[in-house]
Amino acid sequence: MKANENQLRTALDKPGPATRFVLLHGPDESGARDHAQRLARAMGPEAERVDLDGAALKADPGRLAAEAASMSLFGGARHIRVTGVGDESLEAFELLLGAETAGNPVVAIGPGLKGTSKLLKLALASPAALSFACYLPNAADADRLASAIAAEHGLRTTGRAAHRLVAATGGDRAIIAREVEKLALYLDAAPDRPGTLDDAALDAIGADLGDSEISGAIEAVVAGDAALLGAELAKLDEAGVSPIPLLRGLVRRLMALADMRGEVDAGAGVNDVIERHRVFFKEKAATARALRAWSPRRLAQSIEHIRQAERATIAPNTAGTVIAAAACLAVARGGRRAG
């Protein structure tokens, strides 16, 4: 069945036999992983986690049902996480739903699933499954999300704190959660002893990143200046900043350029388009150059390239920072050739 966020939270916080598996799909893979981590917290630090993927289930469809019915080697709690699922895993989930017993909760992450997916349709049709679509939040939703995550840790956001958290993390749900955990520890806050998260607290621990620091690298990519980009990436790496905010900020910038370029191609003047989109005055000249340099095809290719880099960056056991830097440099070099 299709779940709303409250139903999803209840199922993950209090897993029970009525729900055989939770399917998290949609483009926000990082958000899906953070939801999956919610189940891990509910199961407790001593719980055994079994990790599977779509390829493993395709090769052995019966394994999922077997793992869901098996007891932990140490007799404690046990849960299963399946990543990269697609329709090749359909039989495995059909067997799970049809099994006599399945005491261990299962979370499956399938960011590539389409609306026509047989696996998605299976989850939507079954009362023993929950399906939840994970989408990247818009600006207003992201601020509310940051405040909600903070509240779960006993923190009440004031002033611009929620907005600064979103800006610092690129709206990435998982990174927001990690930052809030650090802030709660610093403020000695918890649900039973609430605290206030304000600008002073963010300043005190140096919330990872400001808009201006990210924007330098983004504008270097858009300008096609690989040398400047290298220097900007070095600064971010030295500060220990996650590459996710940069990748997401770059996608937003390229998408904005694509929208404006579409208007230019339809006959509007570059300066008129810039005014209509209320481009910040310090960015007008760079935006005008970009609109003349970047072709719609190159913009579309670059957006997809960066999105693929984000998926690779957040995948486990990968050189995430290196992947992100290589993708940004590739797009920057492509931008210099765009036209």
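**Loops, strands and helices in the predicted model**

D188 sits in the loop that links α9 (173-187) to β7 (195-197). In this predicted model, the phi of D188 comes out near 55 degrees, a positive value for a residue other than glycine. R278 tells a similar story: phi is near 55 degrees here too, again positive and again in a residue other than glycine. The loop holding R278 runs between α14 (270-276) and α15 (284-293). With 76% relative accessibility, R278 counts as exposed, because the cut-off for that label is over 50%. A glycine joins the list as well, with G267, just after α13, taking a positive phi of about 115 degrees.

As for α13 itself (residues 244-265), this helix has 22 residues and spans 31 Å from first C-alpha to last, close to the 32 Å expected at 1.5 Å a residue.

Turning to the strands, β1 (residues 21-25) runs parallel to β5, and the pairing is made over five bridges. Within the pair, L23 is found opposite S131 of β5. Strand β5 (residues 129-133) is mostly covered, with four of its five residues buried.

Helix packing is seen between α1 (residues 5-13) and α2 (residues 29-43), whose axes lie 8 Å apart at an angle of about 35 degrees. On the α1 side, E5, L8, R9, L12 and D13 make the contact, while α2 brings in H35, R38, L39 and A42. Sorted by type, the residues of this contact of α1 with α2 are a mix: four nonpolar, four charged and one polar.

Note on methods: Residues are numbered from 1 along each chain as its sequence is written. This is a predicted model: local features need pLDDT of at least 70, side-chain atom pairs count only at pLDDT 80 or more; totals for chains, interfaces and linings use all residues. Side-chain values use heavy atoms; hydrogens and water are left out. Buried means under 20% relative accessible area, exposed over 50%, partly exposed in between (1.4 Å probe, protein chains only). Helices (H or I, at least four residues) and strands (E, at least two) are DSSP runs, numbered from the N terminus. Two strands pair if DSSP finds at least two bridges between them. Axes are lines fitted to C-alpha atoms, for helices over the stretch in contact, and angles run from 0 to 180 degrees between N-to-C directions. Contact means heavy atoms within 4.5 Å. Ala, Val, Leu, Ile, Met, Phe, Trp, Tyr, Cys and Pro count as nonpolar, Asp, Glu, Lys and Arg as charged, and the others, Gly among them, as polar. The expected span of a helix is 1.5 Å times one less than its number of residues.
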